[in-house]
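Below are some notes on this entry, set out as numbered points. Please read them next to the coordinates.

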Amino acid sequence: MVATWFAHCWIVVASSFATAAPIGGDCANCSLTALCAPHQKEEAAAVAGLAAKLKSKDPFDRKATVDKLAELDHARPLGPSAEIAKLVAGTLDDDNHLVRLGSVQALAAKMHPDVAVPALCNALNLTMKALAKMPYGRADWGGGGGAGAGEDNPPPEDPKAIEKRKQRDELNTLAQELVNALTILPDDRSVTALMEMLPQLSRWHEALLTSTAGALVKLRARKGIEVVVQRIKLSPIGDSGSKWGGPDKTGATLRDVLARGLEDAGSEPVPPWSDEEAPDWERWFAKNQKHFLAKLGKLTVEAMQMGDEAGAN
Ligand SMILES: [Zn+2]
């Protein structure tokens with residue numbers, strides 16, 4: 001079951017990388033477990049050359065190098081290399097936003113899971129910490145110096161405020177990309193990172209909140225589903241809004257994410273949302289938890305490759 005959707009997601013990711021000529025591809029002396037000495041040397045030289053290019057001052061060069069490392073890795077007859085994945089993971093905190101995004105996408109596209117999964121989880125954790133340090137302020141709303149003029153917050157045209165907003169937008173985009181990445185890496189560490197993230201998201205992060213809950217539902221780990229149910233239970237019922245915005249629809253939205261994501265899970269239908277009273281979520285979860293995986297374990301190269309085969313069939 002896990003392998004099937006995994007393969008499905010992979011097709012989408014794989015198509016973004018061109019294929020490079022594999023080192024040792026047609027060589028009679030290379031095997032599926034080891035490169036011959038000359039090809040080993042050729043690969044080491046290629047990796048060393050790209051590792052040097054990662055230090056380029058030009059972010060476009062660094063981004064192109066990350067893509068080349070991914071191509072080299074995909075073309076390996078031996079399967080993904082932890083060494084190449086480490087080089088790419090080293091660019092997750094690059095100064096440039098586009099390099100960071102490229103790095104996340106490359107790692108998610110079947111680079112070595114022993115490196116990719118913990119590196120992406122850690123990056124998500126750090127991204128959320130950085131976002132927590134940049135709360136929204138009055139300068140983020142309204143136009144000109146109107147409503148916020150004369151208050152502590154600078155007006156929106158203040159270069160500092162503009163820079164802060166740009167940084168925050170980039171962090172939000174990065175967090176979204178990291179959530180997308182972990183959604184296709186079925187591993188208990190992905191589940192843990194997403195579980196830790198969910199309570200940090202409020203209704204004001206609607207897209208991120210929905211996709212994080214969606215990722216947990218898709219991974220189908222029992223503890224992840226339980227956290228989504230908890231989040232629904234904590235959401236207000238029949239909220240009528242406030243001066244800050246319209247009614248809080250988080251509960252109804254996440255309930256729908258859960259219902260859609262579990263259509264083929266074999267569990268009982270998710271209780272309908274009601275603006276009058278909370279459904280008995282404890283009863284539903286207690287009765288249906290057997291349909292969700294107690295453990296996903298660690299994602300292995302073999303499990304990823306099984307996903308490939310399932311996708312080819
Ligand atoms: Zn060879």
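1. What is the mean pLDDT of the protein, and what percentage of its residues reach 70 or more? The mean is 87, and 85% of the residues reach 70 or more; pLDDT is the predictor's confidence in each residue, from 0 to 100. This is a predicted model, in which local features need pLDDT of at least 70, side-chain atom pairs count only at pLDDT 80 or more, and totals for chains, interfaces and linings use all residues. Residues are numbered from 1 along each chain as its sequence is written.

2. Two stretches call for caution. Over residues 4-19 pLDDT stays under 50, and the model has 30 contacts beyond four places in sequence for them. Residues 142-150 also stay under 50, with 10 such contacts. A contact here means C-beta atoms, placed from the backbone, within 7 Å. Where pLDDT is low, predicted coordinates should not be read in detail.

3. The largest nonpolar core (buried Ala, Val, Leu, Ile, Met, Phe, Trp, Tyr and Cys residues joined through C-beta atoms within 7 Å; buried means 20 or more other C-beta atoms within 10 Å, exposed 12 or fewer, partly exposed in between) has 61 residues. V88, L107, L120 and L182 touch the most other members. Helix 6 (residues 113-132; helices are DSSP runs of H or I, at least four residues) gives the largest share, eight residues.

4. Leaving out residues up to four places away in sequence, V88 touches V66, L69, A70, S103, A106, L107 and M111.

5. K290 lies in the loop between helix 12 (281-288) and helix 13 (301-312). K290 is exposed because 10 other C-beta atoms lie within 10 Å.

How values were computed
Helix = DSSP H or I, 4+ residues; strand = E, 2+ residues; numbered from the N terminus. Contact = placed C-beta atoms within 7 Å.
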